[in-house]
Amino acid sequence: MRETKYWTWHMAAGVVILFLLGLHMLIMHVGGITHLFAPNGGEATSRENSLYRDGSLFFLVTYIVLLGVALYHGLYGLRTILFELTLKPAVEKAVSLVLLIAGLGLFGLGAWAAFATHAIAIAGARG
Amino acid sequence: MPRSVSNSGMTGRIRLWAVVHIVVTSLRARGIYLWVEGGFFHQPMFKFGEFLVFAAFAYHALNGVRLVLVELGFAVGKPIEPIYPYKTSLNVQRPLLIAMMILAVIFLAAGGYDFLGLAK
Amino acid sequence: MPAEIDFHVTRFNPESDQAPYVKTYQVPVRAGMTVLDGLHYIKENLDPSLAWRYSCRMGVCGSCGMLLNGRPMLACNTQILHIATTDLTVGPLPNFDIIRDLVPDLMTMFEKHVALKPYIVRADQAEIDDPAGEFFQSPEELEAYLQFTYCIKCGCCMAACPTLATDARYLGPMPLAAAQRYNADTRDDGRRARNQLTGSSHGAFRCHYAGECSRVCPKGVDPAKAVQYLKRQLVLDYLHLASRKKPCAKLHGPGQGKPLTNITPAPARTV
């Protein structure tokens, strides 16, 4: 059942990413058309708009959730591709462990960055 | 017309970008210098790279939606008695594949429009 | 006037050759000739050392699966002029070791098949071993798995599968479709036992729906569809959303089961 569990969560993570990353894309990369979450007009990546989103609790939460699901989805996908190289069972275990540690590490780094940026924006300090 | 398309191939390379992205964006916490006008993130090569990432996401996400439907047994059709010429699940999911590819082209056009700075 | 077609046949004798090589034969071809007929012509007239498997010559035994012009097919139900005009490449099925010439070693496929318990599994084993009645199964229940019973174990789907090409431990479309054939059979109660293997790291989830297996299947079994249904059932079992239907009961005499209402009753017994 373990593989079924991982796969089910991979699919669920994909659906969550569809919405959260879709939102991110609509803001950042199709922002010229949609002008979403860019209350200060102009480019979505302008300083004023970036600071607006950095200070928003909604964005802090969605970024951290997106970070978590995207890391899980991507690293499980990488694990799947590596497993298809017909590895020995011991090597498979090692690969899973390495990817788990890498994932947790990157999640920690990204979550720290999200919190730190949020704190900076809230404090009104210059970016 | 491809029978079915893979999400693990080219657009799966998005993984590598994702790891780099997490590390680089974390630098944001250390300062905004990369983001200022004229900085690295505003170079045309970088902007084109961003468009490629957007393109990869659009294709990967739409194909992923199709695969979620297919792999959970929703878009493959019911078991039928095989009568020659055989119709398989590939025939059943083909309209979905075409619809997803058309949507991907539309999103790519929207993204390209935005990236070329045509949108205001 | 028969046309002459060049058959580029892969030859390999492990006792004398280092590696497989291709030998070309000119075969006179008439409309209606199958690749199997062409191979017989080569053996009878050109090269008696050519080896391949065949039996029924009518597409029901699954022995003559081979790679014809790059696609796994049965030699006996493929007409030469349908797939070639001047050249035809004939090779052994890929993703298998070669025993000799066009003969693949299908044991890996059969071992995976056996491991998935391709038979009715029930708690009342005594009834299975010494059947005393008949299973009550409706035509609708039969339709849920009938398509997957048409498999002739030819190995064409295994040869076409891209996952199997890189991952030798992947179970493959034929065993997985066979597992689904029994899982969907209302007479069977062995789904949870089979889940141990089908839900493993080289089981159903290594399928990414390339669909090549269904494309090449000579009997229309559609193994790709079977594998997706298998995944769906595995997810439902994991989420504890699977229906709790018991396997269908056995009937031990007339009067049991659900009689259809529009059938006149049988006449009284005269013996």
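Which residue stands opposite Asp6(C) in β2(C)? Hold on to that one for a moment, everyone, and let me first say that what we have on screen is a predicted model.

Let's start with the sheet in chain C. Five strands make up an open sheet, and going across you meet them in the order β2-β1-β5-β3-β4, with mixed pairing. At the edges sit β2 (21-29) and β4 (71-74) of chain C, each of them pairing on one side only. From one strand to the next, the twist averages 35°.

Now back to my opening question. Strand β1 of chain C covers residues 3-11, and this strand pairs with β2(C) in the antiparallel sense, over nine bridges. The residue in β2(C) that stands opposite Asp6(C) is Gln26(C).

Next, please look at helix α1 of chain C, residues 35-46. This helix lies across four strands of chain C: β1, β2, β3 (65-68) and β5 (87-91). Relative to β2(C), helix α1 runs at about 100°.

Finally, let's turn to where chain C meets chain A. How many residues of chain C are in contact with chain A? There are 14, and they are in contact with 11 residues of chain A. On the chain C side, α7 (162-166) and α11 (223-238) each supply at least two residues. The one that gives the most is α11(C), with three residues. If we sort that side of chain C by class, we find five nonpolar, six polar and three charged residues.

That's my quick tour, so thanks for listening!

Technical notes
Residues numbered from 1 in each chain as written. Chains lettered and ligands numbered in written order. Predicted model: local features only at pLDDT ≥ 70, side-chain atom pairs only at ≥ 80, totals over all residues. Contact = placed C-beta atoms within 7 Å. Nonpolar A, V, L, I, M, F, W, Y, C, P; charged D, E, K, R; others polar. Pairing = 2+ DSSP bridges. Axes fitted to C-alpha atoms, helices over the stretch in contact; angles between N-to-C directions.
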